[in-house]
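Ready for some practice in reading a protein model? Work through the exercises below with the structure open, and try each task before you look at its solution.

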Amino acid sequence: MNPLHPGRPGFLLGLVALVISLAACAPSSYIVLLDDPDGRPSQVVVTTEAGETTLSEAGGALALRSSGARPTNISAEQITRDFGDTMAAQPPPPRTFILYFETGGARLTPESEAQLPQILATVSAYPAPDISVTGHTDTVGSPTENERLSLRRANFVADWLEDARVEAIDLTVTSHGQRNLLIPTADGVDEPRNRRVEVTVR
Amino acid sequence: MRYWPIPLLLVALFSAQGANAEPIGFVKTLQGGNAVIRALDDSERPAAIGGELNVGDTIRTDRRASLGLTLKDDTIMSVGPDTELTLEEYLFEPARGDLKLGSRLGRGTLQYVSGSIARLQPDAVSVKTPTGTIGVRGTQFVVRVGR
């Protein structure tokens with residue numbers, strides 16, 4: 001007799017047993033893709049001995065077993081239960097400020113100078129903040145001159161932050177010359193948006 | 001002449017030589033319990049907020065601790081209790097096109113928010129688990145490795 005046939009006395013018992021066995025099958029190892037708050041596309045590709053499985057929808061989950069990765073359902077409650085502490089420990093997202101320079105030199109535009117209070121406020125709000133200062137130029141002048149100029153700009157900003165008594169656990173200065181243009185241009189183009197120093201607070 | 005604190009001066013010297021002696025990131029949060037970090041040379045140190053992270057470090061949290069970190073490419077990771085996470089590979093030289101970020105979750109829980117390396121080279125970022133390797137194209141996920 002089929003215990004799962006409705007109307008039979010064993011039906012309810014069979015259903016209960018099925019539900020219990022499904023619950024017991026909830027995977028002990030799994031991955032869940034989350035929503036990106038900034039709307040960037042999310043995707044992971046899980047490779048096991050059984051092959052490749054792609055996850056590209058937020059909320060989608062895969063059970064990770066030695067026999068392979070299989071689609072599964074993980075409830076929001078289970079995510080909270082398993083990852084509540086993990087998520088509570090997440091540091092704030094790094095924040096990048098872009099400061100612009102007058103042409104040819106290491107003088108900040110007035111608008112960029114006015115961003116100082118905001119940078120300092122961000123640094124003091126972050127736990128154990130570390131800062132990267134990266135200098136860039138436009139394509140006016142030779143690459144060698146621009147390496148030097150972008151380093152001068154980055155050092156200027158580092159000094160400016162230190163004069164303002166910024167309190168960070170680390171401050172790293174790098175320079176990219178004209179090798180990392182924000183706005184791609186031909187050689188010799190005076191592009192204000194490329195004359196910049198990026199300050200990232202983590 | 002710049003009057004830099006000595007640690008910053010050392011960082012500047014090492015990076016000028018192209019050596020990989022700079023930290024790759026820092027511990028930002030630690031709550032609920034304790035965690036230890038084992039370096040490549042097998043030495044162990046207690047994890048602390050503001051502590052440096054280097055290639056090869058393995059972070060182990062106790063059964064109450066959770067810990068958050070950021071890497072210099074702006075990747076954010078946080079781990080829950082009873083977790084073992086190794087930062088196996090890290091290369092972040094965008095100007096030279098050298099990009100790589102490989103981690104291993106031996107057990108426990110991890111929340112991952114990808115950074116610049118995944119954005120610049122989506123096939124360069126992975127998290128290994130005992131049963132499979134996660135290729136991180138972007139951007140956020142949680143993964144649990146049960147016992």
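**Exercise 1. Find the residue that stands opposite A:Arg65, and describe how the two strands involved are joined.**

Solution. This is a predicted model, so everything here is computed from its coordinates.
Step 1: Look across from A:Arg65, and you meet A:Gly68 in S5(A).
Step 2: Now take in the whole pairing: S4(A) and strand S5 (residues 68-72) of chain A run antiparallel, joined by five bridges.
Step 3: Follow the chain from S4(A) into S5(A), and you pass through a hairpin of two residues.

**Exercise 2. Find the strand of chain B that pairs with S2(A), and give the sense of the pairing.**

Solution.
Step 1: The partner of S2(A) is strand S11 (residues 132-138) of chain B.
Step 2: The sense is antiparallel, and the pairing extends over five bridges.
Step 3: For one position to check on screen, go to A:Gln43, which has B:Gly138 in S11(B) opposite it.

**Exercise 3. Describe the contact between chain A and chain B: its residues and its buried area.**

Solution.
Step 1: Start with the residues: chain A brings 52 and chain B brings 48.
Step 2: Turn to the area, where about 4000 Å² is buried between the two chains, with 56% coming from carbon and sulfur atoms.
Step 3: On the chain A side, A:Thr86, A:Pro91 and A:Arg202 lose the most area to chain B, together 13% of what that side buries.

**Exercise 4. Count the salt bridges and polar contacts between the chains, and sort the chain A side by class.**

Solution.
Step 1: Between chain A and chain B there are four salt bridges.
Step 2: A:Arg202 forms a salt bridge with B:Asp74, and their closest N and O atoms are 2.7 Å apart.
Step 3: Residue pairs in polar contact between the chains number 24 (both at pLDDT 80 or more).
Step 4: Sorted by class, the side of chain A that touches chain B holds 27 nonpolar, 13 polar and twelve charged residues.

**Exercise 5. Classify the aromatic pair formed by A:Tyr30 and A:Phe83.**

Solution.
Step 1: Over all chains, the structure has four aromatic pairs.
Step 2: In this one, the ring centres are 6.0 Å apart and the planes meet at 85°, so the pair is edge-to-face.
Step 3: Place both residues: A:Tyr30 is in strand S1 of chain A and A:Phe83 in helix H2 of chain A, 53 residues apart, so the pair links distant parts of the chain.

**Exercise 6. Locate the two residues of the salt bridge between A:Arg195 and A:Asp138.**

Solution.
Step 1: The total over all chains is 20 salt bridges.
Step 2: In the bridge between A:Arg195 and A:Asp138, the closest N and O atoms are 2.9 Å apart.
Step 3: A:Arg195 lies in the loop between S8 and strand S9 (196-201) of chain A, while A:Asp138 lies in the loop between S7 and H5 of chain A.

Technical notes
Residues are numbered from 1 along each chain as its sequence is written. Chains are lettered from A and ligands numbered from 1 in the order in which they are written. This is a predicted model: local features need pLDDT of at least 70, side-chain atom pairs count only at pLDDT 80 or more; totals for chains, interfaces and linings use all residues. Side-chain values use heavy atoms; hydrogens and water are left out. Contact means heavy atoms within 4.5 Å. Buried area is the accessible area (1.4 Å probe) that two parts lose on being put together, summed over both. A salt bridge is a side-chain nitrogen of Lys or Arg within 4 Å of a carboxyl oxygen of Asp or Glu. A polar contact is a pair of N or O atoms within 3.5 Å; within protein, one must be able to donate a hydrogen and the other to accept it, and residues adjacent in sequence count only if both atoms are side-chain atoms. Ala, Val, Leu, Ile, Met, Phe, Trp, Tyr, Cys and Pro count as nonpolar, Asp, Glu, Lys and Arg as charged, and the others, Gly among them, as polar. Two strands pair if DSSP finds at least two bridges between them. Helices (H or I, at least four residues) and strands (E, at least two) are DSSP runs, numbered from the N terminus. Rings of Phe, Tyr and Trp (its six-membered ring) pair if their centres lie within 6.5 Å; planes under 30 degrees apart count as stacked, over 60 as edge-to-face and the rest as tilted.
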